[in-house]
Amino acid sequence: MSDDVMYASVVPCSRRDAPLRHEPVPRPVPGPDEVLVRVAAASLDRVDTYIRHGTHGMAATEPQILGRDMAGVVSAVGAGVREFRVGDEVIALGRQTHAQYALAPGLHTMPKPPQWSFAEAAALPTAGRTAYDAVVNIARVRPGERVLVVAAGGAVGSFALQFGAHLRAEVYATAGTEDKCATARAHGAHAAVNHYSPDMVEQVLAASGGAKMDVIVDPVGGALYESLLRLLARNGRIVTCGVTAGARASLHLGRLMTQGWHIHGIGRPDRHEVAAHLRGCLDLMLAAGAKPIVDRVFPLSEAPDAHRYLEESSFFGRVVLTPEPARPPR
Ligand SMILES: NC(=O)c1ccc[n+]([C@@H]2O[C@H](COP(=O)([O-])OP(=O)(O)OC[C@H]3O[C@@H](n4cnc5c(N)ncnc54)[C@H](OP(=O)(O)O)[C@@H]3O)[C@@H](O)[C@H]2O)c1
């Protein structure tokens, strides 16, 4: 293969759910403010499945390479990038990262902590920065507060759980299986309950001695939202940072008025805010002595299996692709 060609996992646009193709494509060239990274690991994101299926208002209108998060080694830098050199090990929030090489803005590139594997580092950007923004900037979680992290086994939830525990909040978690609930407890949740259980609300209240939650971090939305509001304390804050289960929910305005709830959406940060979130979440993980939770690593050529695995939803944390043979996270 020549130097200007690489392999990538490409989603075709011919029809919804068409199979991914592992094929040679042109290797990208960095613009003035970009770095080209030889990808060692790239995480698979829920959004990648939305694009493939054409749901949540997303669809591939032309063949495209998926992926935003990556970790790897800088292979070339644009003329305007001063912070990084060829050979640096980095974490980056880029584009089209399910490939052997990918681009990222220098602004969204950070040194990889040496104690993290490439897979762990690739797990951080999108989910870590979103959870950081929700927990730290928007909810402003304080020590001793009761924080409910919904879908703690998901990528965003797994970071929110770790951030809440590090900030010395009393963290409650929900997840879809008993195994995931046990993993959430092992990562610092005071209690964890199954969010598909019909008495989920009662189970959380039993675990908290009847006390409601000061903060709820919700990446799920949909039908679950009304149950979450039953758990929200007076003057409590709820942050919607995803709508995995649906974008519509019902809100009793009288209860909103009398309870004094603060209802937040995560919003669409600009690129400088994204850069601040990335640095903030990395610093917080390092201060906590924590690492991103990698569930499983698949070779890039097995991306279709990785997508199936993500959609089966038995994972906890992040599913990661690597152009090299799969290795367990160290
Ligand atoms: N706004 C932003 O910047 C931003 C950034 C990142 C993510 N997001 C959004 O946030 C959401 C979560 O992202 P993610 O990366 O954490 O996804 P993920 O890793 O795929 O996790 C999704 C989680 O949702 C849970 N889930 C799915 N359906 C559910 C339901 N009906 N009821 C309760 N739980 C359900 C799953 O848990 P179980 O299978 O165990 O139930 C799984 O743990 C996505 O919608 C994503 O698009 C937004």
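## Overall build

The protein has 10 helices and 16 strands. Its radius of gyration is 20 Å, close to the 20 Å that the globule rule gives for 330 residues, so the protein is as compact as a globular protein of that length. This is a predicted model, and the descriptions that follow should be read with that in mind. Taken along the principal axes, the C-alpha atoms fill a box of roughly 65 × 40 × 35 Å.

Of the 330 residues in the protein, 53% are buried. When contacts between residues at least 6 apart in sequence are considered, 68% of them join residues at least 24 apart.

## Surface and charge

The protein exposes about 14500 Å², and carbon and sulfur atoms supply 51% of that area. As for charge, there are 34 positive and 33 negative side chains, and the centres of these two sets lie 4 Å apart.

## Two domains

The domain assignment divides the protein into domain 1, which is given as 5-124 + 292-322, and domain 2, which is given as 128-265. Domain 1 is therefore written as two segments of the chain, whereas domain 2 is written as one, because that is how the assignment sets their bounds. The centres of the two domains, taken over C-alpha atoms, are separated by 29 Å, and where the domains meet, 13 residues of domain 1 are in contact with 16 residues of domain 2.

## Buried serines: S158 and S208

S158 is found in helix α4, which covers residues 155-166. With a relative accessible area of 1%, S158 is buried, because a residue counts as buried when this value is under 20%. Not counting residues up to four places away in sequence, S158 touches A152, I293, F316 and G317.

S208, by contrast with the helical setting of S158, is found in a loop, the one between α6 (200-207) and β12 (213-218). S208 also counts as buried, at 12% relative accessibility. Residues up to four places away in sequence aside, the contacts of S208 are with R146, Y172 and M213. A further reference point is H190, which is 18 residues from S208 in sequence and 8.9 Å from it in space, C-alpha to C-alpha.

## Strand β13: L232 and N235

Strand β13 spans residues 232-240 and contains L232, and N235 lies in β13 as well. The two residues have contrasting surroundings: L232 is buried, with a relative accessible area of 0%, whereas N235 counts as partly exposed at 48% relative accessibility, a value that falls between the limits of 20% and 50%.

Leaving aside neighbours within four places in sequence, L232 is in contact with K212, M213, D214, I216, R237, I238 and W261. On the same basis, N235 is in contact with Q259, G260, W261 and H262, and W261 thus appears among the contacts of L232 and among those of N235. Distances to other parts of the chain give a sense of where the strand sits: the C-alpha atoms of L232 and I51, which are 181 residues apart along the chain, are separated by 33 Å, while N235 and E178, 57 residues apart in sequence, are 31 Å apart in space, C-alpha to C-alpha.

## A partly exposed helical residue: E226

E226 lies in helix α7, which covers residues 224-230, and at 44% relative accessibility E226 counts as partly exposed. The C-alpha atoms of E226 and A288 are separated by 33 Å, the two residues being 62 apart along the chain.

## Loop residues with positive phi: H56 and S313

H56 is found in the loop between α1 (46-53) and β4 (64-65). Its phi is near 50°, a positive value in a residue other than glycine, and H56 is partly exposed, with a relative accessible area of 37%.

S313 lies in the loop between α10 (303-312) and β16 (318-322). S313 has a positive phi of about 65° although it is not a glycine, and its relative accessible area of 32% makes S313 partly exposed.

Note on methods
Residues numbered from 1 in each chain as written. Predicted model: local features only at pLDDT ≥ 70, side-chain atom pairs only at ≥ 80, totals over all residues. Heavy atoms only, no water. Helix = DSSP H or I, 4+ residues; strand = E, 2+ residues; numbered from the N terminus. Buried < 20%, exposed > 50% of the residue type's maximum accessible area, 1.4 Å probe, protein only. Contact = heavy atoms within 4.5 Å. Rg over C-alpha atoms; globule rule 2.2 N^0.38 Å. Areas by Shrake-Rupley, 256 points an atom, 1.4 Å probe, with all protein chains shown as cover. Lys, Arg positive; Asp, Glu negative; His and termini not counted. Charge placed at Lys NZ, Arg CZ, Asp CG, Glu CD.
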